[in-house]
Amino acid sequence: MAEFFHMGGYAFYVWMSFGISALVLLVNFLQPLLKHRQALREAEDYYSEV
Amino acid sequence: MNIIAKWYYRLGAPNWFYPLAGKMIPWVAAIFVALLIPGLYMGLVTAPADYQQGESFRIMYVHVPAAWLSMFVYAAMAIAAVVALVWRVRMAEIMIISSAPIGASFAFIALITGSLWGKPMWGAWWVWDARLTSELILFFIYLGIFALYNAIEDKQTAGKAMSILTLVGVINLPIIHYSVVWWNTLHQAATVSKFDTPSIHIDMLIPLLLMAAAFQFLYLLLLLMKMRANLLEQDLASGWVKKIVFERQKNLKK
Amino acid sequence: MRGFFYLIKRDLTLAFRRRGEATNSLVFFGLVVLLFPIGIGASEKLLSEVAPGLIWIAALLATMLSLDNLFKEDFQDGTLEQWALSEHSLVSFAWARLFSHWVITAVPLIIVAPLFAISLSLPAEAIWVLVLSLLLGTPLLIFIGGIGVALTTGLKKSSMLLPLLVLPFYIPVLIFGASAVEVTAGGWSAAGQLYVLGALFVLGIALAPFAVASALKVSVSQ
Amino acid sequence: MQLEAQNLRCRRGPKTLFTDISFSLDAGKLLLVEGQNGAGKTTLLKLLSGLRRPDKGEVLWNGMSIRSANSQFNRQLAWLGHQNPLKEDQTAFENLSMLGAIRSRNERCAYEALQAVKLGNVKHKAVKTFSAGMKRRLALASLLIADTPLWILDEPQAALDKAGIALYEQLATEHLENGGMIIMTSHHDVAIDERFIERLILGQ
């Protein structure tokens, strides 16, 4: 397993690439989730008054 | 109304699109994961190391799909821009503003992984290679589209202005790309472009196609989620949101 | 076509009465060119090597910054509405405004450019190609920049949005313009670059006004 | 000549400004659009003039939609918004001839129009020296040299003094008498003969 992570000496570059990509895409996944939840809460407040 | 027109009309209506997108999201997410796992496994483990680049060529499995997607997303936005301007479909404008950040993220990933791939192979973090330079310009165009939409308060005007900018962009992108390629040959000895995928062996190709397909579904997934959020936020005071809120409250009471 | 020539005459007389506007971009152009020797040292060999790109970048920035409120005044005082509702299409309005803006701000720039080229020790034969490339390039910069300006005309607060929208589309013009001068300075012929610049010029002049008109229509209907 | 609106609807963001606005206006009539601020008066005028497209509904000029017959409709329309479309550094005469160049001209010359709005003595002075009332009158003068039966005016009496308002009402009455049409908004009442006027209240 160890040499798998070693990636023939390029461990830093390979795992950094996959890591940053995963991070950026995760942000793109979470942002709409939070925004959707927040918009729903706003809608509920808006209609609770009306 | 024939079936296509009915579909076309309904897709444009938020109260129909919002629940439909909600139902589709789990399925799209499932397909994405089903493609991602084998793609990653084959890409990182089973695919043979490249005789020149060794293991670092595996960065290709993230760099190339991200670069493809950054262009695919822009093409999809350009089509939506035509639909938005010619048939005045508001849903197409929501699609564009939801796609822009996703496209920008793919372009950003392509740039970062490109420089991480370049460093071990050619010793420089940034290489003024034709494709990387075009990708950087595409990244700035995405930012411009996103910034324009957010700078205009009235969302109807913002949508139209953004659609026009998207179309201006789609006409300019080929011109920019070929002038950058020409500029690149002028300033560097005509080496084979550094980011041509290596002579692709079948075991290397399959994970690449799997990863590309996985990224396509990821784009669809992120797009649907972003469109639902943007729609709900913009249409706060309109009838269909009121119906959804009351339905949710009814289920909670049950 | 009456309105078209009237508009150009009006713009020229207005510019004549407000002399400040045209000279601002000229002063900016001179200052930017002045900054470079100070910044990167005044060694003659280095400067002459960098001069083509430098002059072109300075001209590009000066043109873009002069564009900033090209349509804002017409938008705010209602002239744009009058044109939108006249029998003349907004395309002819856009054409006239962009053309008169080119005459007011870019032509003085082109006249002065050889002066700055000499100060940056650009070889003599390259100066003519510089003027020709600017003659082809600046209208292109103004017409493409006009699209960005038209899109941001409706904005209340003046945001630094124009450069972000417009600079990516300036890149091909800069590539061929600067390399035309650079190649001539090196002794080769710049025919290829100038032909491509001419092609971009025709494409830009033909298509940009339609994009400007539709962007203005969006701003006016706010 | 007839301008007809068919159940116009317009939204600004999530808020619906007005919906199902329908009316038809014939030659020699004045439509007075009233309503508080923010009721969408200016937006309605923009819909009727074609500056902005309605979300739903249609505007017809002589039975044809103004979007398809756009340039014919524009040739017969004179628009005056809140602001005066004038350039401060130009003289009154230059501004007027510029506005005349945009619209289809009638035989009335610019000097005559300036006399009609009592600006004859300042025709070669720069507009920046004018008062707000004089600027508004100069903008109104541009209506006189245009051969446009339909006037769409957004608060034409704004910034006018009493004499200016009387002048405007006289010009409007003349225009209506020789078969013209006017659509205007106003905050205070308009002293024009009731037989010409139809009212439309926005934002109940």
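**Exercise 1.** Which segment of chain C holds C:Gln222? Place the residue, then decide whether C:Gln222 is buried or exposed.

*Solution.* The model is predicted.
- Step 1: find helix H9 of chain C, residues 191-220. C:Gln222 lies in the segment after that helix.
- Step 2: take the cut-off. Buried means under 20% relative accessible area.
- Step 3: apply it. C:Gln222 has 19% relative accessibility, so it counts as buried.

**Exercise 2.** List the residues in contact with C:Gln222, leaving aside its neighbours within four places in sequence.

*Solution.* Go chain by chain.
- Chain B: B:Ile152, B:Asp154 and B:Thr157 are in contact with C:Gln222.
- Chain C: C:Phe75 and C:Gly154 touch C:Gln222.
- Chain D: D:Arg12, D:Lys46 and D:Arg52 complete the list.

**Exercise 3.** Work out whether chain A is a compact globule or more spread out.

*Solution.*
- Step 1: count elements. Chain A has two helices and zero strands.
- Step 2: compare radii. For 50 residues the globule rule gives 10 Å, and the radius of gyration of chain A is 20 Å, well over that value, so chain A is more spread out than a compact globule.
- Step 3: check the box. Along the principal axes, the C-alpha atoms fill roughly 65 × 15 × 10 Å.
- Step 4: turn to the surface. Of the 50 residues, 34% count as buried. The accessible surface is about 3,100 Å², and carbon and sulfur atoms own 69% of it.

**Exercise 4.** Find the annotated "transmembrane region" of chain A and describe its backbone.

*Solution.*
- Step 1: read the record. An unreviewed UniProt entry lists residues 12-30 of chain A under that name.
- Step 2: assign structure. Residues 12-30 are 100% helix and 0% strand.
- Step 3: take the span. The end C-alpha atoms of this stretch are 26 Å apart.

Notes. Residues numbered from 1 in each chain as written. Chains lettered and ligands numbered in written order. Predicted model: local features only at pLDDT ≥ 70, side-chain atom pairs only at ≥ 80, totals over all residues. Heavy atoms only, no water. UniProt positions renumbered as here; feature names shortened; annotations may be inferred. Helix = DSSP H or I, 4+ residues; strand = E, 2+ residues; numbered from the N terminus. Buried < 20%, exposed > 50% of the residue type's maximum accessible area, 1.4 Å probe, protein only. Contact = heavy atoms within 4.5 Å. Rg over C-alpha atoms; globule rule 2.2 N^0.38 Å. Areas by Shrake-Rupley, 256 points an atom, 1.4 Å probe, with all protein chains shown as cover.
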